[in-house]
There are 2 protein chains.
Amino acid sequence: MYHPNDPQIKSWLTIPEGSDFPIQNLPFGIFRTDTKKARAGVAIGEYILDLHMLQKGGFLEELKLPDKIFRQPSLNAFFALGRKKVGKVRKEISKFLNEACDKGTIKFIRKRALVPMEEAELLMPIEVGDYTDFYSSEDHARNVGTMFRDPENALLPNWKHLPVGYHGRASSIVVSGTPLHRPLGQTKAPDAEAPSFGPSKRLDFELEVAFITCRETRLGERISTGEAEDHIIGLVLFNDWSARDIQVWEYVPLGPFLAKNFGSSISPWVVTLDALEPFKVEGPTQDPEPLDYLKYEGKHHYDINLEVALSTDTLEETTICRSNYKYMYWNMAQQLAHQTVNGCNIRVGDLYASGTISGPKKDSYGSMLELSWKGTKPLKLSDGSTRTFIEDGDVVTMRGFAEKGGVRIGFGEVVTRILPARE
Amino acid sequence: MYHPNDPQIKSWLTIPEGSDFPIQNLPFGIFRTDTKKARAGVAIGEYILDLHMLQKGGFLEELKLPDKIFRQPSLNAFFALGRKKVGKVRKEISKFLNEACDKGTIKFIRKRALVPMEEAELLMPIEVGDYTDFYSSEDHARNVGTMFRDPENALLPNWKHLPVGYHGRASSIVVSGTPLHRPLGQTKAPDAEAPSFGPSKRLDFELEVAFITCRETRLGERISTGEAEDHIIGLVLFNDWSARDIQVWEYVPLGPFLAKNFGSSISPWVVTLDALEPFKVEGPTQDPEPLDYLKYEGKHHYDINLEVALSTDTLEETTICRSNYKYMYWNMAQQLAHQTVNGCNIRVGDLYASGTISGPKKDSYGSMLELSWKGTKPLKLSDGSTRTFIEDGDVVTMRGFAEKGGVRIGFGEVVTRILPARE
């Protein structure tokens, strides 16, 4: 039986050593070029396979896909076909890119359906329905609690009983490469009498992974932890930009608002859960035992290496964080079960972010807040300069990849340049 | 000059005494019937004027509207034409419904474009982009702060400096008439050792008004208080259903989540700010003076009476709250200026809810939490029974209307029946 995850399969296309996009990955995205309007594609090595051309060429006919399903500005309609169908498409594409593929097909693809990635503009892969941000890394929650509250009781009483989450802004989620202006806002220094207005002085990234849903539920319907992954098509990297000084003043009692909604950045390629299947690992033992609806069977954590690098026009890239998605206390099956336990309905293209993913070591913390310990321990960069929070002109790049047995399933990057505030 | 708000104008259609929908109102909505697919209409007395039929009949040609702009399942595309254009459409419709209208037009409308409201199903008027919930009534914030925190310092330090708000769930916003199941969730009694799972025991409504935006802004763009109302097309009533016991356990530190996202109910007719223009009033003096970006000129508060009634299959309706939209401390111009001061982008069809609107008197509190003072003072209903929170089978009806000089601009109702939890 042909399996697209088989480490042995090879493509007729040359895949550079260490590429995020070998034939075992095949993530989906939306792109355009000077001559091609927005459409769906699959990343393969340094190229994009144009799925619309493939369908137009008649190569996907056996799959009985809706007409022009790939000739759309988002993957929502495609993902709405469900995880099983999308998996079949991925398998078929794998066969077309396999070295065993017939010459006629290869010739067609080479001539009509292959676009060098560097010539394409990668667009938002989905139209985001609702966006939830969880807070599910224990090390992150513990670090923040230690800094801002009580080191002896760093985790709040609810934290180990439920995956704390809150709603975020969908409109301002942008794709990698979109620069963001430093936000303006209200802040109040602890010793100031009144708040003042100006550019945030504590701009920060948050290293997160987000999952995307592919199945609509009705209001009142629940999704169990066992069913959850049938509703999830794949993952992207997520940079949840945060203005710490705005947040600390505004967030009581209803949570973060303007500190977050000026922009969040995602990576352009949706890496399918199917491709990540070989990287499933056990999660941590949960103590106290969660309530029944949050219990789960099997493995729902994923071993995905995550990195954050910082650079400027004149400063060479410095990797400032190395973390891993497996550090999550609450996994995505639990998150989706929690999100829907009250009957909240899910749409195709919803985005559910993990919350900052910090590991146990100091260089695995997923935000400047933690890396510089609230600004008290400046980070050293490659040229000897230091950072406590993000400065104008800084470029933050997040990367992610799973690797095992010679196969690397990568996410590509989410890159954001911070521009000065617009006064 | 013909003005659709003129109290003197009359329709050729009989408008029942006390109707919410006289010719001076003309709110927009989406409806369907057994024979007509979803389309836009205007409420007039006990009828709906079918705007698609009007356009098809060639009556709106001078307005140069896009083809089939009213033959859509939401008003988003129509509202995106902007407040000025929508105002012109409203004026034109007013002329068609005016007693001075020519007989041919009246005959056409009577025969082809008038649908008895009781024969129509009213649908969601908009496809909601993002949904924000503010917390802008001082009496409400003070009541909640008194109950849960410190009566001496009921308002948190930030409350008078910024319109506190948070993001809510867009997917679960439903139109009046949609029943909701009591949510299941985690709660923890103060004296319990661990949380437990089950139906919420403290289900509550929140009386709110929401505004709808009609103009897209780019990420990074700001809207000043002076420009804000050009971006707002109109208002609906908003019932922000809340499960108090779920909320109190989950909400630290990131705000309400499952306590709110199981459903929020809106009224089906979008009452335009144009129609509400005569009801503008001064707001309260703001002390301390807000920061510059929150200062405003002119009147941005609206005198709109609001009521909440409770009934069951066997219990006659009891009005349990009489409040007014004018009680807001922060008005919608300030709310929208705040929402965008950091560059957060706005979409057409976004919904911005006021937060619970409580007045100074005990019968003007906009939630059961306040009316029954955290359950300690049960409310008497028409049959002598009592309520602290909402019970299964309860029907909560919110109504709103502005009235002056013999003209009543009404919102209709938002009605929700609470069904038992789905176990």
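Here a biologist and a modeller talk through a predicted model with a chain A and a chain B.

Biologist: How do you know which parts of this model count?

Modeller: The model is predicted, so local features need pLDDT of at least 70 and side-chain atom pairs pLDDT 80 or more, while totals for chains, interfaces and linings use all residues. Residues are numbered from 1 along each chain as its sequence is written, chains are lettered from A and ligands numbered from 1 in the order in which they are written, and side-chain values use heavy atoms, with hydrogens and water left out.

Biologist: What makes E4 and E5 of chain B edge strands?

Modeller: Strands are DSSP runs of E with at least two residues, helices are runs of H or I with at least four, and both are numbered from the N terminus. Two strands pair if DSSP finds at least two bridges between them. In chain B the open sheet of 5 strands runs E4-E3-E2-E1-E5, with antiparallel pairing. Strand E4 (114-116) and strand E5 (121-123) of chain B each have a single partner strand, so one side of each has no neighbour in the sheet. On average, neighbouring strands of this sheet are turned by 45° against each other, direction ignored.

Biologist: How do you know that E3(B) and E4(B) pair?

Modeller: Pairing asks for at least two bridges, and strand E3 (residues 47-50) of chain B shares 3 antiparallel bridges with E4(B). In E4(B), Val115(B) is the bridge partner of Ile48(B).

Biologist: Which strands does helix H4 of chain B touch?

Modeller: Contact means heavy atoms within 4.5 Å. Helix H4 (residues 103-113) of chain B packs on the sheet, touching E3 and E4 of chain B. Its direction makes about 45° with that of E4(B); axes are lines fitted to C-alpha atoms, for helices over the stretch in contact, and angles run from 0 to 180 degrees between N-to-C directions.

Biologist: What is buried between chain A and chain B?

Modeller: Buried area is the accessible area (1.4 Å probe) that two parts lose on being put together, summed over both. For chain A and chain B that comes to about 5500 Å², 61% of it on carbon and sulfur atoms. In chain A, Arg169(A), Leu254(A) and Phe257(A) lose the most area to chain B, together 15% of what that side buries. By contact, 57 residues of chain A meet 57 residues of chain B.

Biologist: Why is one space called a cavity and another a pocket?

Modeller: On a 1 Å grid over the protein atoms alone, a cavity is a set of points where a 1.4 Å probe fits but cannot get out, whereas a pocket is an open set with protein on both sides within 12 Å along at least five of seven lines; lining residues have an atom within 4 Å of a point. Grid points are joined across faces, edges and corners, and a volume is the space filled by probe spheres set on the points. The structure holds 7 cavities of 30 Å³ or more, and about 50 Å³ lies in the largest. Its lining includes His167(A) and Tyr131(B). The largest pocket has a volume of about 1500 Å³.

Biologist: How many residues of each class line the second largest cavity?

Modeller: Ala, Val, Leu, Ile, Met, Phe, Trp, Tyr, Cys and Pro count as nonpolar, Asp, Glu, Lys and Arg as charged, and the others, Gly among them, as polar. This lining has 5 nonpolar, 4 polar and no charged residues; Trp330(A) and Asn331(A) are among them.
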